[in-house]
Amino acid sequence: EIPGEDGNRDNRLAGLGPLAGIVTGTAVGVAAAFAWPLLARVPAPAAAALLGVLAMAGSDGPLVALGITAPGDWSAADWASDIIPHLGYGAATCAALSALEA
């Protein structure tokens with residue numbers, strides 16, 4: 001349970017999403033850098049999708065575990081607004097790591 005009353009609790013909940021995203025993005029990016037020798041052998045779209053899925057699981061997982069959200073209740077628009085940016089993150093991370101390798 002997230003502590004706080006009314007507005008304070010709402011503000012804390014609103015801040016958890018971006019905070020989870022920052023922490024997860026950093027962690028997945030560092031892990032991808034260490035795993036890049038293996039990931040570079042995988043076709044770029046598959047590597048980007050894998051990193052995007054890992055980032056999505058890492059940022060959404062804690063929110064689900066805390067009972068803040070339930071993906072089963074999400075609409076198609078909710079899923080799209082979560083999947084598309086995470087896939088973009090995966091593509092950008094792969095592109096950056098590939099560029100650093102060259």
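A polar contact is taken here as a pair of N or O atoms within 3.5 Å; within protein, one atom must be able to donate a hydrogen and the other to accept it, and residues adjacent in sequence count only if both atoms are side-chain atoms. One such pair joins the side chains of S59 and H86, at 3.1 Å. The model is predicted, with local features requiring pLDDT of at least 70 and side-chain atom pairs counting only at pLDDT 80 or more, while totals for chains, interfaces and linings use all residues. Numbering starts from 1 along each chain as its sequence is written, and side-chain values use heavy atoms, leaving out hydrogens and water.

To set the scene, the chain holds three helices and zero strands, in the order α-α-α from the N terminus. Helices are DSSP runs of H or I with at least four residues, strands are runs of E with at least two, and both are numbered from the N terminus. The C-alpha trace spans about 50 × 25 × 15 Å along its principal axes. Of the 102 residues, 23% are buried; the classes are buried (under 20% relative accessible area), exposed (over 50%) and partly exposed (in between), with a 1.4 Å probe and protein chains only.

Helix 1 covers residues 6-39 and has a kink of about 50° at A33, shortly before the proline P37. The bend at a residue is the angle between axes fitted to the seven residues ending there and the seven starting there. Buried positions in helix 1 are A20, T24, V28, A32, W36 and L39, and these pack against helix 2 and helix 3 (76-101). Contact means heavy atoms within 4.5 Å. Among contacts between residues at least 6 apart in sequence, 69% join residues at least 24 apart.

Back to the serine: S59 sits in helix 2, which runs over residues 44-65. S59 counts as buried because its relative accessibility is 6%. Beyond its neighbours within four places in sequence, S59 is in contact with A20, G21, T24 and H86. Two of these partners, A20 and T24, are listed among the buried residues of helix 1.

A second site worth a look is I68, in the loop between helix 2 and helix 3. With 30% relative accessibility, I68 is therefore classed as partly exposed. Leaving out residues up to four places away in sequence, I68 touches I2, L13, L16 and L63. Its C-alpha atom is separated by 25 Å from that of G90, 22 residues apart along the chain.
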